[in-house]
Amino acid sequence: MTVRTRFAPSPTGFLHIGGARTALFSWAYAKKHGGEFILRIEDTDVARSTPEAVQAILDGMAWLGLSHDEGPFYQMQRMETYKKIIQKMLAEGTAYYCYCTKEELEALRESQMQQNIKPRYDGRWRPEEGKVLPEPPADIPPVIRFKNPQTGNVVWHDLVKGEISIANQELDDLIIARADGTPTYNFCVVVDDREMGITQVIRGDDHVNNTPRQINMLKALGATVPQYAHLSMILGDDGQKLSKRHGAVSVMQYHEDGYLPEAVLNYLARLGWSHGDEEIFSMQQFCEWFDLDHITPSAAQFNTEKLKWLNAHYIKLVDSDYLAEDITDRLAKLGVNVTAEPKLGAVLDLYKERVHTLNELAENIAYFYRKPRIDQAAAEKHLTLDIKPVLAMLIEALQSAEWAAEHIHHAIDAAVTKNQLKFPKIAMPLRVAVTGIAQSPSIDQVMALLGKEEVLNRIRRVL
RNA sequence: GUCCCCAUCGUCUAGAGGCCUAGGACACCUCCCUUUCACGGAGGCGACCGGGGUUCGAAUCCCCGUGGGGACGCCA
């Protein structure tokens, strides 16, 4: 049987890091088994779903390169299917009308909570052999409930967590269609997972409690029950749960912040899953290795430091043309226009091994394309009165130097030796004058790239 | 409250009863490289939640605690 997995987000917000990992694992599982990965948009909550959120999810998936083989399917476009099945269930007696008002249910819940029992629908409209139901009130539009089995256990072998067993007594008759006729989440999932032939449902941990209900409905519909794999959640850097107001950021924010999708993907792959001691691997490699057996059942804390480390690694490897284009954009955002000279490619080669993010890279090389902003502290420390004459003298020495790193180095060395100084003594003042700060790659290499005139101007500026 | 799940270095994890004196990675510390800062290289610090079993032998299996998380919607 062909493996078919799906990612089924509800479009009520952007694609965050937890959703991205769920999508990644689902995608990888399909790839590993030569199956299909389906994207389904669960937009039945009309009040909270937005087209912007749909787009944000699509954008996030595209940035990460998690392409789907089928879809996106939108549940709101599948209403006829759902309604047909609900009618069938009503006819077969696996679903029934319930005329309770929201207020009535609220009161019921309240009283159950007070008695310290689990809040559940009490089945007052549930038809039963020999049971006399109240007369349906004419003014109340009914909801439709699933007639859940009342005895026995629902047991499944979770591909991540192992065997899970939940007593039917713990479950109540959930609403499958609202008073306005629209079907609800648990029901739509069941219909779709069946009709789309999903073989493995890989989703977040928070759905464990929905699973027995879904299995019961699947069985009531005579459907094959798929396998389930419940992924534990991802906690924020501080160990706290991710939420809207706390750390839950869009994956696109990582793009903004200068992370490469390769790094984010590699990081996410390793969060909660492992393959021995392997830390760095391509998505192709990941798809070959991926399995559900090596997923950790416990929650994982996000660690930005490690993501940065991976990002630094991938920045060193990223394609030069792509990098140049990306950095040009980031520099533009900083108000810096890249000019033909110095060559951006050469500048990037000098810097890309030294940074953790693309933003850092852009910021670090900005001085090549605009007047350096002299750091006050660095200037005070290194551009001292006694060193300025040496710098002035250096201008002359450099004027006649052939403009290549090696020759620049020799010119500086010679001039400095004449003053009974050592190279390091002049390197720092020079560095501050040319770059504005006290850290840079080899100063002779920086100078070589920057060009003779520009370098001399920058030295004159600080005298 | 009820039900469900989880528990190895600070963090991500390896670990399927003897290979464990518990391995790797990030972070941190030290040293090396060095014109600074990085990069890189070599070392170091650092963990099996507690208690009972089972077993010749348990990080691994079982039970009980404890701690953490999730779910209990006409949300998904």
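Here is a walk through the structure above, from its overall build down to single residues. Keep in mind that this is a predicted model.

Let's start with the whole chain. Chain A is built from 19 helices and 12 strands. With a radius of gyration of 32 Å, against the 23 Å that the globule rule gives for 463 residues, chain A is well over that value and so more spread out than a compact globule. You can picture the same chain in a box: its C-alpha atoms fill roughly 110 × 45 × 40 Å along the principal axes. And how much of chain A is buried? Of its 463 residues, 48% count as buried.

Next, the charged side chains. How many salt bridges does the structure hold? There are 27 of them. Take the one where the side chains of D193 and R40 meet, with N and O 2.9 Å apart. D193 belongs to helix 5 (residues 185–195) and R40 to strand 2 (residues 36–41), so this pair ties together parts that lie 153 residues apart in sequence. Are these two residues buried or exposed? Both D193 and R40 are buried.

For a salt bridge with partners in another setting, look at E170 and K118, whose closest N and O atoms are 3.2 Å apart. This pair also links distant parts of the chain, 52 residues apart. E170 sits in the loop between strand 7 (162–167) and strand 8 (175–177), while K118 sits in the loop between helix 4 (102–114) and strand 5 (143–146). Residues count as buried under 20% relative accessible area and as exposed over 50%, with partly exposed in between. E170, at 35%, is therefore partly exposed, and K118, at 44%, is partly exposed too.

Another salt bridge joins R124 to D122, and here the closest N and O atoms are 2.9 Å apart. R124 has a relative accessibility of 31%, so it counts as partly exposed. D122 is also partly exposed, because its relative accessibility is 40%. Salt bridges can also share partners, and that is how R6, R40, E42, R78, D192, D193 and E195 come to be joined into one network. You've already met two members of this network, R40 and D193, as a salt-bridged pair.

Now for some charges on the surface. Which residues form a negative surface patch? The patch is made by D319, D321, E325 and D329. One of its members, D319, is in the loop between helix 10 (304–317) and helix 11 (320–333). D319 has a relative accessible area of 47%, so it is partly exposed.

The backbone has a few details worth finding too. Where a peptide bond is cis, you can spot it by its omega angle. G71 and P72 are joined by a cis peptide bond, with omega at about 0°. P72 itself is part of strand 3 (residues 70–74). A cis bond also runs from E341 to P342, this time with omega near -10°. Where in the fold is P342? You'll find P342 in the loop between helix 11 and helix 12 (344–351).

Phi angles are another thing to check. N116 is not a glycine, yet it has a positive phi of about 60°. Its place is the loop between helix 4 and strand 5, the loop that also holds K118. With a relative accessible area of 72%, N116 is exposed. Q420 is another residue other than glycine with a positive phi, near 60°. Q420 lies in the loop between helix 16 and helix 17 (423–435). Is Q420 buried or exposed? Its relative accessible area is 71%, so Q420 is exposed.

Stay around that loop for the last stop. D413 is in helix 16 (residues 405–418), and its relative accessible area of 29% makes it partly exposed. Along the sequence, D413 and F423 are 10 residues apart, and in space their C-alpha atoms are 5.8 Å apart. Try finding both of them in the structure, with Q420 in the loop between helix 16 and helix 17 as your guide.

Methods
Residues numbered from 1 in each chain as written. Chains lettered and ligands numbered in written order. Predicted model: local features only at pLDDT ≥ 70, side-chain atom pairs only at ≥ 80, totals over all residues. Heavy atoms only, no water. Patch = residues over 30% accessible without salt bridge, like charges linked within 9 Å, V, L, I, M, F, W, Y side chains within 5 Å. Areas by Shrake-Rupley, 256 points an atom, 1.4 Å probe, with all protein chains shown as cover. Salt bridge = Lys/Arg side-chain N within 4 Å of Asp/Glu carboxyl O. Lys, Arg positive; Asp, Glu negative; His and termini not counted. Charge placed at Lys NZ, Arg CZ, Asp CG, Glu CD. Helix = DSSP H or I, 4+ residues; strand = E, 2+ residues; numbered from the N terminus. Buried < 20%, exposed > 50% of the residue type's maximum accessible area, 1.4 Å probe, protein only. Rg over C-alpha atoms; globule rule 2.2 N^0.38 Å.
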